Amino acid sequence: MQPRFDPATYAPRGFLWSLAGKVATITLSRPERKNPLTFDSYAELRDLFRALAHADAVKAVVITGAGGNFCSGGDVHEIIGPLVAMQEAGDMPGLLAFTRMTGDLVKAMRACPQPILAAIDGICAGAGAILAMASDLRLGTEASKVAFLFVRVGLAGADMGACNMLPRIIGAGRAAELLYTGRSMDGAEAERFGFYNRLVDPEALLAETQALAASIADGPTFAHAMTKKCLHQEWSMGIDEAIEAEAQAQAICMQTRDFARAYRAFAAKQLPVFEGN
């Protein structure tokens, strides 16, 4: 049985949520601390992205941060401190439960059928950089700073799928440098590396990201979900397997009404109006 989820009445505890037309916006909102994550907000975000699979009214998602920063990562006092206490107590099961839970957030983002767009300004570090990485598109500012800084707290760069996903976005050598050193990328470097799709002025960042999300949401959203699934699944496929998977995916999309709508609109020299079915 599908879980009940009403995006119009959804009221999260650990962040802000708004819905405008077909686009939902998640705002990490602890600006006095640069929007860190807590145990609860990790889990709440995971559960939200899982629930969005059943939210037909939402066609695209924007994730951003309040107060001029995206996300500073896991809260030092509310997460790092308790994890150190677990380590000192020899609580390996507790540590593993936490790392699996954070990884489940990334799995939920990648399995979520809606395209996710990140609007990134200011600090985007640690788990915040992972949230950006796990999004489908990323818009940033020149002043932003992106850092996968796990090594700086004595941890591996292998966190929440970073060693798998980051090399695919920016290349293996660049990813290795960032994960070994923990250094930050400024906006220009992040765009040059391909981490950002584009740079935007800070005052226009959220509006431009939401506008891009709205344009995607007005497209053939069933087909968008299929594209996202193929982008994710084909990472582990050979070329022959991927071509067959895409043949099947495209044949399924050819059964949608949106496919016929597009043809009829083209024949009538009109723009198609997609309905996502």
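# Exercises on pockets, sheets and helix packing

In the second largest pocket, α9 provides the largest share of the lining, eight residues. The model used in these exercises is predicted.

**Exercise 1.** Describe the second largest pocket by its space, its lining and the elements that take part.

Solution.
- Step 1. The space in this second largest pocket is about 390 Å³.
- Step 2. Its lining consists of 22 residues, and those nearest the centre are Pro113, Gln114, Thr221, Phe222 and Ala225.
- Step 3. Two elements, α3 and α9 (221–233), give two or more residues to the lining of the second largest pocket.
- Step 4. By residue class, the lining of the second largest pocket has eleven nonpolar, six polar and five charged residues.

**Exercise 2.** Which element gives the most to the lining of the largest pocket? Set out the rest of the lining as well.

Solution.
- Step 1. The largest pocket holds about 1000 Å³ of space.
- Step 2. Of the 44 residues lining the largest pocket, Ile80, Phe98, Phe150, Leu155 and Asp159 lie nearest its centre.
- Step 3. Two or more lining residues come from each of α2 (76–88), α3 (92–111), β5 (123–125), β7 (145–147) and α5 (162–170).
- Step 4. The element that gives the most is α3, with nine residues.
- Step 5. The lining of the largest pocket splits into 23 nonpolar, 13 polar and eight charged residues.

**Exercise 3.** Why is one side of β5 and of β8 left without a neighbour in the sheet?

Solution.
- Step 1. Three strands make an open sheet in the order β5-β7-β8, and the pairing is mixed.
- Step 2. Both β5 and β8 (184–186) are at the edges and have a single partner strand each, so one side of each has no neighbour in the sheet.
- Step 3. On average, neighbouring strands in this sheet are turned by 20° against each other, direction ignored.
- Step 4. β7 and β8 run antiparallel and are joined by three bridges; Val146 has Met185 in β8 as its bridge partner.
- Step 5. Helix α4 (residues 127–134) packs on this sheet and touches β5 and β7, with its direction at about 90° to that of β5.

**Exercise 4.** Trace the six-stranded open sheet and identify its edge strands.

Solution.
- Step 1. The order of the strands is β1-β2-β3-β4-β6-β9, with mixed pairing.
- Step 2. β1 and β9 (198–199) are the edge strands, each pairing on one side only.
- Step 3. Strand β1 (residues 16–20) runs antiparallel to strand β2 (residues 23–28), joined by five bridges, and Ser18 is opposite Thr25 in β2.
- Step 4. A hairpin is formed by β1 and β2, with two residues between them; in the turn, Gly21 has a positive phi of about 65°.
- Step 5. Strand β3 (residues 60–65) pairs with strand β4 (residues 116–120) in the parallel sense over three bridges, with Ile63 opposite Ala118 in β4.

**Exercise 5.** How does α1 pass α3, and across which strands does α1 lie?

Solution.
- Step 1. The axes of helix α1 (residues 39–51) and α3 come within 8 Å and cross at roughly 30°, in a left-handed crossing.
- Step 2. Residues of α1 in this contact include Phe39, Tyr42 and Phe49, and those of α3 include Phe98, Met101 and Leu105.
- Step 3. The residues of the contact of α1 with α3 comprise ten nonpolar, one polar and three charged.
- Step 4. α1 also lies across β1, β2, β3 and β4, and runs at about 175° to β2.

Notes:
Residues are numbered from 1 along each chain as its sequence is written. This is a predicted model: local features need pLDDT of at least 70, side-chain atom pairs count only at pLDDT 80 or more; totals for chains, interfaces and linings use all residues. Side-chain values use heavy atoms; hydrogens and water are left out. On a 1 Å grid over the protein atoms alone, a cavity is a set of points where a 1.4 Å probe fits but cannot get out, and a pocket is an open set with protein on both sides within 12 Å along at least five of seven lines; lining residues have an atom within 4 Å of a point. Grid points are joined across faces, edges and corners, and a volume is the space filled by probe spheres set on the points. Helices (H or I, at least four residues) and strands (E, at least two) are DSSP runs, numbered from the N terminus. Ala, Val, Leu, Ile, Met, Phe, Trp, Tyr, Cys and Pro count as nonpolar, Asp, Glu, Lys and Arg as charged, and the others, Gly among them, as polar. Two strands pair if DSSP finds at least two bridges between them. Axes are lines fitted to C-alpha atoms, for helices over the stretch in contact, and angles run from 0 to 180 degrees between N-to-C directions. Contact means heavy atoms within 4.5 Å. A crossing is left-handed if the near helix is turned anticlockwise from the far one by less than a right angle, and right-handed if clockwise.
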